[in-house]
Amino acid sequence: MKSRLLILNGPNLNLLGVREPEIYGSTTLAAIEESCAANADVLGVELKFLQSNHEGELVAWIQEARHEADAIIINPAGYSFHSVPILDALKMFPGPIIETHISNIHARDEQHRHSILSAVSTGVICGLGAYGYLVAMQSAVNLLGALRN
Ligand code: CA2
């Protein structure tokens with residue numbers, strides 16, 4: 001059976017490519033989804049790619065993922081820095097979790113530097129731009145393979 005990857009995107013990421021290209025690049029979220037879908041074919045995995053501006057919706061998707069996904073890749077965007085509900089939901093997911101940020105959050109202002117979700121993530125990728133999503137997918141597949149062996 002193919003591994004199932006779930007990619008979740010948090011608030012405002014639907015506006016990627018439209019605002020602040022100097023920080024987040026000029027690639028749109030639709031273009032990122034397209035390259036992730038192409039990468040899923042190459043890696044031989046199933047992919048679901050979602051975005052929400054609502055914390056509760058993201059929590060519901062993470063809960064559902066316990067039955068529907070083998071690994072979660074999440075760009076929690078602004079929720080990275082304070083969302084205890086997302087933190088609690090991620091704690092209940094049994095598989096690998098790759099937290100992914102387009103920008104290098106460690107090189108940013110104080111407010112954007114400390115993600116509380118990193119403590120429950122298997123790995124964290126940041127600062128690689130949209131390419132970070134592809135690295136996250138490759139890492140998830142690698143971790144799932146290691147779990148199986
Ligand atoms: O670099 C990332 O991927 C972030 O998760 C993006 C978040 C930011 O709060 C994190 O520190 C790092 C912001 C997402 C806001 O999305 C925008 C999209 C287009 C233009 C401006 C913001």
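Tutor: A polar contact is a pair of N or O atoms within 3.5 Å. Keep that cut-off in mind. The model here is predicted.

Student: What makes the approach of Asn12 to the ligand a polar contact?

Tutor: A backbone N or O atom of Asn12 lies 3.3 Å from an oxygen atom of the ligand. The limit is 3.5 Å, so this pair of Asn12 and ligand atoms counts.

Student: How do you know that Asn75 and Ile102 make polar contacts with the ligand too?

Tutor: Take Asn75: an N or O atom in its side chain is 2.8 Å from a ligand oxygen. For Ile102, a backbone N or O atom lies 2.7 Å from an oxygen of the ligand. Each distance is within 3.5 Å, so both pairs qualify.

Student: How much of the ligand does the protein bury?

Tutor: The protein buries 95% of the 510 Å² that the ligand exposes when taken alone.

Student: Where does the ligand sit, and what makes "sits in" the right wording?

Tutor: The ligand sits in the largest pocket. The wording requires more than half of a molecule's atoms to lie within 2 Å of the pocket's grid points.

Student: Which residues come nearest to the ligand?

Tutor: Asn75, His101, Ile102, Ser103 and His112 do, out of 18 residues around it. The shell divides into nine nonpolar, six polar and three charged residues.

Student: Asn12 came up already. What stands out in its backbone?

Tutor: Its phi is near 75°, a positive value in a residue other than glycine. Most residues other than glycine have a negative phi. Asn12 lies in the loop between strand S1 (4-9) and helix H1 (21-24).

Student: What is the phi of Ala77, and where is this residue?

Tutor: Ala77 has a positive phi of about 50°, although it is not a glycine. Its place is in the loop between strand S3 (71-75) and helix H4 (84-91).

Student: Is Ala77 buried or exposed, and why?

Tutor: The relative accessibility of Ala77 is 14%. Buried means under 20%, so Ala77 is buried.

Student: Why is Ser121 called buried?

Tutor: The same cut-off applies: Ser121 has a relative accessible area of 13%, which is under 20%, so it is buried. Ser121 is found in the loop between strand S4 (97-101) and strand S5 (123-126).

Student: What makes the pair of Ser121 and Leu117 a polar contact?

Tutor: A polar atom of the Ser121 side chain lies 2.9 Å from the backbone oxygen of Leu117. That is within 3.5 Å. Within protein, one atom must also be able to donate a hydrogen and the other to accept it.

Student: Why is Glu22 called exposed?

Tutor: Glu22, in helix H1, has a relative accessible area of 65%. Exposed means over 50%, so the term fits Glu22.

Student: Why is Lys91 called exposed?

Tutor: Its relative accessible area is 53%, which is over 50%, so Lys91 is exposed. Lys91 is found in helix H4. Lys91 and Ala119 are 28 residues apart in sequence and 9.5 Å apart in space, C-alpha to C-alpha.

Student: Why is Glu33 called partly exposed?

Tutor: Glu33 has 36% relative accessibility. That value is neither under 20% nor over 50%, so Glu33 falls in between. Glu33 is found in helix H2 (residues 29-43).

Methods: Residues numbered from 1 in each chain as written. Predicted model: local features only at pLDDT ≥ 70, side-chain atom pairs only at ≥ 80, totals over all residues. Heavy atoms only, no water. Near = heavy atom within 4 Å. Areas by Shrake-Rupley, 256 points an atom, 1.4 Å probe, with all protein chains shown as cover. 1 Å grid on protein atoms, 1.4 Å probe; cavity = no way out; pocket = protein on both sides within 12 Å on 5 of 7 lines; lining within 4 Å. Nonpolar A, V, L, I, M, F, W, Y, C, P; charged D, E, K, R; others polar. Helix = DSSP H or I, 4+ residues; strand = E, 2+ residues; numbered from the N terminus. Buried < 20%, exposed > 50% of the residue type's maximum accessible area, 1.4 Å probe, protein only.
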